[in-house]
Amino acid sequence: MELKILKFGATWCQPCRTLDPVMEDVQKEYSDLLFEKYDADTHPDVFKKYKISSVPTVVFVKDDNEVNRFSGVLPKSQIISLINKYL
């Protein structure tokens, strides 16, 4: 059972830039998980596949099924709680 965390954002998005260091900190704590980052301007196909309509959006995928998502900026503690829910 593999959990992937997909972060959807854009270089022009200020909330995305706010979320980036938070997600980097989370990734350091969960180095065994797969974190993927997609930009709206360079990965429109992936945005379409996951039906992303706003940025930033973070999608949690376990065993190739979406199990959760959030949009906007959450504190690190809440993101960690979400991850732990699916481990």
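In this predicted model, Asp 63 is partly exposed, because its relative accessibility of 39% falls between the 20% and 50% cut-offs. Asp 63 belongs to the loop between E3 and strand E4 (65-71). The backbone here carries a positive phi, near 50°, in a residue other than glycine. Most residues other than glycine have a negative phi, and most peptide bonds are trans. Lys 51 also departs from that pattern, with a positive phi near 55°. Lys 51 sits in the loop between H2 and E3. Lys 51 counts as exposed because its relative accessible area is 67%, over the 50% limit.

The loop between helix H2 (44-49) and E3 also holds Pro 56. The peptide bond joining Val 55 and Pro 56 is cis, with omega about -5°. Pro 56 is among the residues in contact with Phe 70.

The largest nonpolar core has 18 residues. Within this core, Ile 5, Phe 35, Phe 60, Phe 70, Ile 79 and Ile 83 touch the most other members. Four elements each give two or more residues to the core: strand E1 (3-9), helix H1 (14-29), strand E3 (57-62) and helix H3 (76-85). A second core, separate from this one, has nine residues. Its members include Val 46, Phe 47, Tyr 50 and Val 61.

Ile 5 is a residue of strand E1. Its relative accessibility is 1%, under the 20% limit, so Ile 5 is buried. Beyond four places in sequence, Ile 5 touches Met 23, Leu 33, Leu 34, Phe 35 and Glu 36. Its contacts also take in Val 58, Val 59, Phe 60 and Ile 83. Ile 5 and Asn 68 are 63 residues apart along the chain. Their C-alpha atoms are separated by 9.8 Å.

Phe 60 is placed in strand E3. Phe 60 counts as buried because its relative accessibility is 0%. Residues up to four places away aside, Phe 60 touches Leu 3, Lys 4 and Ile 5 on one stretch of sequence, and Leu 82 and Ile 83 on another. A run of further contacts comprises Asn 65, Glu 66, Val 67, Asn 68, Arg 69 and Phe 70. Phe 60 and Phe 70 are 10 residues apart in sequence, with a C-alpha to C-alpha distance of 8.9 Å.

Phe 70 lies in strand E4. With 8% relative accessibility, under the 20% limit, Phe 70 is therefore buried. Neighbours within four places aside, the contacts of Phe 70 include Thr 57, Val 58 and Phe 60. Leu 19, Ile 79 and Leu 82 are in contact with Phe 70 as well. Asp 41 is 29 residues from Phe 70 along the chain, and the two C-alpha atoms are separated by 20 Å.

Leu 74 follows in the loop between E4 and H3. Leaving aside neighbours within four places, Leu 74 is in contact with Leu 19, Val 22, Ile 79 and Leu 82. Leu 74 and Val 22 are 52 residues apart in sequence. In space they are 8.5 Å apart, C-alpha to C-alpha.

Ile 83 draws its contacts from several parts of the chain. Not counting residues up to four places away, Ile 83 touches Leu 3, Ile 5, Val 26, Tyr 30, Leu 33, Phe 35 and Phe 60. Ile 83 is also one of the H3 residues that meet H1.

Two packed helices are described by the angle between their axes and the distance between the axes. The axes of H1 and H3 come within 10 Å and cross at roughly 45°. H1 is therefore oblique to H3, since this angle lies between the 35-degree limit for roughly parallel and the 65 degrees at which roughly perpendicular begins. The crossing is right-handed. On the H1 side, the contact uses Leu 19, Val 22, Met 23, Asp 25, Val 26 and Glu 29. These meet Lys 76, Ile 79, Ile 80 and Ile 83 in H3. By class, the contact residues are seven nonpolar, no polar and three charged.

Notes: Residues are numbered from 1 along each chain as its sequence is written. This is a predicted model: local features need pLDDT of at least 70, side-chain atom pairs count only at pLDDT 80 or more; totals for chains, interfaces and linings use all residues. Side-chain values use heavy atoms; hydrogens and water are left out. A nonpolar core is a set of buried Ala, Val, Leu, Ile, Met, Phe, Trp, Tyr and Cys residues joined through side-chain atoms within 4.5 Å. Buried means under 20% relative accessible area, exposed over 50%, partly exposed in between (1.4 Å probe, protein chains only). Contact means heavy atoms within 4.5 Å. Axes are lines fitted to C-alpha atoms, for helices over the stretch in contact, and angles run from 0 to 180 degrees between N-to-C directions. Angles under 35 degrees count as roughly parallel, over 145 as roughly antiparallel, 65 to 115 as roughly perpendicular and the rest as oblique. A crossing is left-handed if the near helix is turned anticlockwise from the far one by less than a right angle, and right-handed if clockwise. Ala, Val, Leu, Ile, Met, Phe, Trp, Tyr, Cys and Pro count as nonpolar, Asp, Glu, Lys and Arg as charged, and the others, Gly among them, as polar.
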